[in-house]
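Work through the two exercises below with the structure open beside you, and try each task before you read its solution.

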Amino acid sequence: MTETVLRTGAEKRKLTIDMRALSPFIALIVLAIAGALINPDFLSASNILNVVTRSAFIAIIAVGATFVIAAGGLDLSVGSMAALTAGVMILTLNTLGGADMGTLAVGMLVAIALSAACGLANGLIVTFGRIEPFIVTLGTMGIFRSLVVWLAAGGTITLRNFELRELYRPIYFGSVFGIPIPIIAFLVVAAIGALILYRTSFGRHVVALGSNEDVARYSGVPIWRVRTLTYIIQGICVGIAVLVYVPRLGSATPTTGLLWELQAITAVVIGGTALKGGVGRVWGTVVGAVILELVANIMVLSNFVSEFLVGAVQGAIIIIAMLVQRSVHRGR
Amino acid sequence: MDSVLRAENISKSFGPIEVLSGISLELRPGEVHAVIGENGAGKSTLMRILSGHIAPTRGHVHLDGQSVTFSGPVEAENRGIVLVHQEILLAEDLTVAQNLFLGREIKRFGFVDDRTMRERTRGILAELGTRIDPDCEVRRLSIADRQLVQIARALLVPHKVVAFDEPTAVLTPIEAESLFSIIRRLRSHGAAVLYISHRLNEVKAIADRVTVLRDGQHVATRDIEGLEPLEMARLMVGRDMSKLYPDKPDTASDHVILTVRDMTVPGFVENASFDLRRGEILGFGGLIGAGRTELFEGLVGLRPSQGSVSFRGESVSFRDAREAMAAGIVYLSEDRKGKGLLLQQNLRVNLSLAALDRFRRGSFIDVGAEEKALDEAIRNFDIRTRSRDLLAGQLSGGNQQKLLLAKMMLLEPRIIIIDEPTRGVDIGTKEQIYRFIAQLADDGLSIIVISSEMQELIGLCHRVIVMRNGRIAGEVAQADLSEDSIVYLANGVHEERAAEIAAGHA
């Protein structure tokens, strides 16, 4: 008797959980069908690969944002951080002047180190300064952005060495077994992110911190370290995104990465991560990033809405995603 | 005798689960009617039906002899039925007067009339026998004063029936006593008072009649005359409860395991010194706000503190709970929901959170080992749950406490500090928790029990240290343990007042 009661209870619960986690995937499928109906070219392999490739930057950044948000934080500075990192990386490559793998590796290391340091700064100010992450990252967002403008003297920072450009080019435009490298990069980042969030005690601590900071503290979770680490992970993700981004245009401008924070947070929320923390869904986030790019793509392929309104549609999506989350939550 | 409010065959189901079945209850003007029962017996559901928060699935509510259906709590309030909630529902940043009139502000020419509201607030608070300043922000009030403000807010509207849901859960004996005089005053004015509690001594002191619920069923309604707390407990639990406390384990050991000297927690505790022996259950008594919780939060590194602590002969100082846990000292917060458990996470995640390092295989968490630990915890601690996949917030108070105990015991501590071990826990589970604590002491662990329930301290502890105003007021040895001796130290008075309080809670 008791056995059966126990089991049916468990099955029921699993079903509801799956519904929540599945909703971004369902939305993705619905959008894909809608896209195919609007324009037959939509489902062509080249278009699909193009869409997913374009979503790679946001997806990689959003994986980091999943950690920050699941721990109850927020990082608004990612777009500016990406611009600053790209700018400094290009300046470093220009200064080094070489056109070999060694030069490129040094440039990449500088990029990752700088973005990780930016994340560390965000994390330390939030934890030790005990300031709302919204305010802290709003501040650093302004700082990073104006540093780029200053470094570029208001213009463009361009990768000058043509040979180096050619060497670097495949990171964005190349592919392995027909799969573009950016897609591979973002799948690898997401897989590692999921592994860390779901399978390690650090990941468990992130979720505990986002659920209830007091409980985490009373349970002996090193909350300062965990929180700071989430911002560092965010920084490293921004760095990886920049590595993939720079070969695309070979330059950084004061508008590089503009509104990426909006897109990253939108992707996280669409993916089912709770904005108040305590729930983190890495794969949902990845799907969320693809959905954003898919919507933009459908708008370009169809003629219903001007593509200049892409930002408006993406803004509307985050609001709708929150409303859906709210109603799912209430229904429970 | 005519009743003011009468429930007739009330049943309530949530989905397929019936939480109340066929309950009848009548409230007469000028009586205090207590409703008692274990957690989950249906007390609160019944209360919420009578005050219009939810509608019954079957049955009727009669008010002044007429059948009524309330559209919601507002209508019930307009008809004279007010509910004083268990939780404090006040806006902390507003003043007392602003809170009292929140949502029903008195206006003059379209603007709020602060002067009138302030005067009326002062009047009603004086009537309740308190001198809280109407202009004080609620944030700055003590819990007891907040409760008074909440009662004042409920009594602002004309009332025939006043329902109290566990009103003394956060009050000290003295504060509870002044609440009782308010209730007696309400009764003498002809109001009917519905009083929900599971503190049986209180019920004995204040109620005229008692209705007992068990598992959503009506068990008995009796006059308080001749109904003793022990009998009430038997009716509630359905079995004999004369042996609530286990035998105190024999701790022959004189071996001191923890020495605390001149512990100061700024703002809360000054120069507290005490020793803890191996195998001892040491009680900490005192009024709420005496600094007991803060002393131990300071000790385990959850608050900044100064002082010297020596544990197993070595001088120690903990910067956070993690270090204290590593050394073998755990603290179980009185605030289970806010600081003890992640209510939105499942049992497995909660159980292993503090001891996650023990569940690692390489870099990753071993979920299989976690599941096994959960099986063991459910068995060893008798955690009753419909399903293993429930969230911690869906457990009853007693089972949450067992889960919290299981979680901290995974750390294999030497010293366990339990703050209010049975707050919000039903009597059947209390007995289990007491037995468990005694067993731990028997196994050679040392336990510190912080409690506001004097019976608990007397029934469970070898020694009781009493705190007053952030200082240690004194110590009561096992042979001298009595409510009188604890109350004396807690209040610093030893006159009729103390005796009266003790009598009310005997």
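The structure is a predicted model. The first exercise concerns helix H4 of chain B, which is followed by Gly129(B), a residue whose phi is positive, near 75°.

**Exercise 1.** Compare the expected span of helix H4 (residues 114–127) of chain B with the distance between its end C-alpha atoms, and then find where its buried residues fall as seen down the axis.

*Solution.* Begin with the length: at 1.5 Å a residue, the 14 residues of H4(B) should span 20 Å, and the end C-alpha atoms are 20 Å apart, which agrees. Next, pick out the buried residues of H4(B), which are Met117(B), Thr121(B) and Leu125(B). Seen down the axis of H4(B), these buried residues fall within an arc of 65°, so they line one face of the helix. Then turn to the other side of H4(B), where Arg115(B), Gly123(B), Ala126(B) and Glu127(B) are exposed. Finally, look for what covers the buried residues of H4(B), which includes helix H3 (96–100) and helix H5 (143–155) of chain B.

**Exercise 2.** Describe how domain 1 (5–237) and domain 2 (256–504) of chain B touch each other, naming the elements on the side of domain 1.

*Solution.* Start with the centres of the two domains of chain B, which, taken over C-alpha atoms, are separated by 31 Å. The contact takes 15 residues from domain 1 of chain B and 13 residues from domain 2 of chain B. On the side of domain 1, the elements that give two or more residues are helix H6 (173–188) and helix H8 (229–237) of chain B. Sorted by class, this side of domain 1 has eight nonpolar, five polar and two charged residues.

Conventions:
Residues are numbered from 1 along each chain as its sequence is written. Chains are lettered from A and ligands numbered from 1 in the order in which they are written. This is a predicted model: local features need pLDDT of at least 70, side-chain atom pairs count only at pLDDT 80 or more; totals for chains, interfaces and linings use all residues. Helices (H or I, at least four residues) and strands (E, at least two) are DSSP runs, numbered from the N terminus. The expected span of a helix is 1.5 Å times one less than its number of residues. A residue is buried if 20 or more other C-beta atoms lie within 10 Å of its own, exposed if 12 or fewer, and partly exposed in between; C-beta atoms are placed from the backbone. The arc is that of the directions from the helix axis to the C-beta atoms. Two residues are in contact if their C-beta atoms, placed from the backbone, lie within 7 Å. Domain bounds come from an automatic or database domain assignment. Ala, Val, Leu, Ile, Met, Phe, Trp, Tyr, Cys and Pro count as nonpolar, Asp, Glu, Lys and Arg as charged, and the others, Gly among them, as polar.
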